[in-house]
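Q: I'm new to this one and would like a close look at a single part: the disulfide. Could you walk me through it, and then show me what surrounds it in the rest of the fold?

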Amino acid sequence: MNPSAYEPSPANWRFPFYTLTIDRFINGDPTNDDINGTAWEHDITGTQLRYGGDVAGLQDTLDYLAGMGIQGIYISGSPMINAPWSADAFSPLDLTLLDPHLGTIKQWQDLIADLHARGMYIIVDNTMATMGDLIGFEGYLNESTPLSYTEHNALWKESRRYHDFAIGNTELSDCQYPRFWASDGEFVIGNGTENFRGCRDSEFDQYGDVAAFGLYPEWQRQSKICIECRDELLSTDD
């Protein structure tokens with residue numbers, strides 16, 4: 001099968017799926033475990049660093065998955081380059097480069113062609129709203145940043161930059177805010193959202209930090225850096 005040939009999506013996606021985080025699955029190509037040459041990229045005994053799972057390992061197990069009746073693979077996280085130690089793949093640094101820890105473009109093509117040859121399909125999460133951890137807020141580089149309804153001044157933590165997105169600290173008076181949603185799925189009107197005043201000319205939300213869990217309105221998670229370590233692209237209704 002031609003790995004670059006177009007394969008149409010199925011008419012109905014209602015069939016058994018298997019969801020996985022590639023790094024936590026099977027290590028089929030150990031040569032990419034420490035491909036960046038940095039310290040502590042890979043540790044099979046730890047829970048915080050990379051385990052070593054990759055595209056080659058997933059391809060090696062397709063017979064096993066197909067034998068269980070699986071027809072679709074859902075890959076959690078972004079396939080794009082992440083921080084060297086970021087095992088969950090939710091901290092992409094460049095949305096134009098594949099993460100070499102997971103595989104080359106040829107390995108991805110071979111995997112997808114092999115899936116299609118078995119009558120299987122693949123969905124890649126490719127989360128892009130949350131990015132890496134390159135941005136900090138003025139006065140709060142070593143502590144959590146409180147919510148600011150007028151946004152904080154942002155700065156780069158290091159010399160590395162996102163190629164496609166930029167921060168901005170010029171205050172704007174005319175701003176479009178996103179729709180805010182409560183934990184019950186209802187549209188939020190009030191409850192603090194009426195206090196927003198202006199914004200910055202940034203491609204990122206600069207309202208502060210928020211933890212993964214906490215006693216605060218759910219809508220605040222939409223406008224702040226998630227878990228204090230992931231830069232969040234600007235939220236809009238567009």
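A: Let's start with the link itself. The bond joining C175 and C199 is left-handed, with -95 degrees about the S-S bond. Keep in mind that this is a predicted model, so treat the geometry as computed. The two sulfur atoms of C175 and C199 sit 2.0 Å apart, and a search of the whole structure finds one disulfide.

Where are its two ends? C175 is in the loop between β8 and β9, while C199 belongs to strand β9, so the pair ties together parts that are 24 residues apart in sequence. Are these cysteines buried or exposed? C175 has 17% relative accessibility and counts as buried; C199, at 14%, counts as buried too. The cut-off for that word is under 20%.

Now look at the charged pair that involves β8 and β9. R200 makes a salt bridge with E171, and the closest N and O atoms are 3.9 Å apart. R200 lies in β9 (residues 199-200) and E171 in β8 (residues 171-172), so this pair ties together parts that are 29 residues apart in sequence. The two partners sit in opposite settings: R200 is buried at 8% relative accessibility, whereas E171 is exposed at 61%.

Stepping back, the structure holds seven salt bridges in total. Some of them share partners, and in that way D63, D114 and R118 become one network. Within it, the side chains of D114 and R118 meet at 2.2 Å, N to O. D114 is partly exposed at 21% relative accessibility, and R118 is partly exposed at 31%. Another pair is R24 with D23, whose closest N and O atoms are 2.6 Å apart. Here D23 is buried at 3% relative accessibility, but R24 is partly exposed at 38%.

Next comes the sheet. Three strands make an open sheet, in the order β1-β2-β5, with parallel pairing. Its edges are β1 (17-20) and β5 (121-124), each of which pairs on one side only. From one strand to the next, the twist averages 20 degrees. If you zoom in on β1 and β2, you'll find four bridges joining them as they run parallel, and T19 stands opposite Y74 in β2. Lying across β2 and β5 is α3, which runs at about 135 degrees to β5.

That helix brings us to the nonpolar interior. The largest nonpolar core has 16 residues, and L58, I73, I75 and L111 touch the most other members. Elements giving two or more residues to this core are α1 (55-60), α2 (62-67), β2 (72-75) and α3 (105-117). The largest share, three residues, comes from α3. Take L111 as an example: leaving aside neighbours within four places in sequence, L111 is in contact with V55, L58, Q59, L62 and I122. There is also a second, separate core of 13 residues, with L93, L95, L134 and L233 among them.

To come back to where we began, C175 and C199 form the disulfide, and R200 and E171 form a salt bridge. With C199 in strand β9 and R200 in β9 as well, that strand is a good place to start when you look at the model.

Notes: Residues numbered from 1 in each chain as written. Predicted model: local features only at pLDDT ≥ 70, side-chain atom pairs only at ≥ 80, totals over all residues. Heavy atoms only, no water. Core = buried A, V, L, I, M, F, W, Y, C linked by side-chain atoms within 4.5 Å. Buried < 20%, exposed > 50% of the residue type's maximum accessible area, 1.4 Å probe, protein only. Contact = heavy atoms within 4.5 Å. Salt bridge = Lys/Arg side-chain N within 4 Å of Asp/Glu carboxyl O. Pairing = 2+ DSSP bridges. Axes fitted to C-alpha atoms, helices over the stretch in contact; angles between N-to-C directions. Disulfide = S-S within 2.5 Å.
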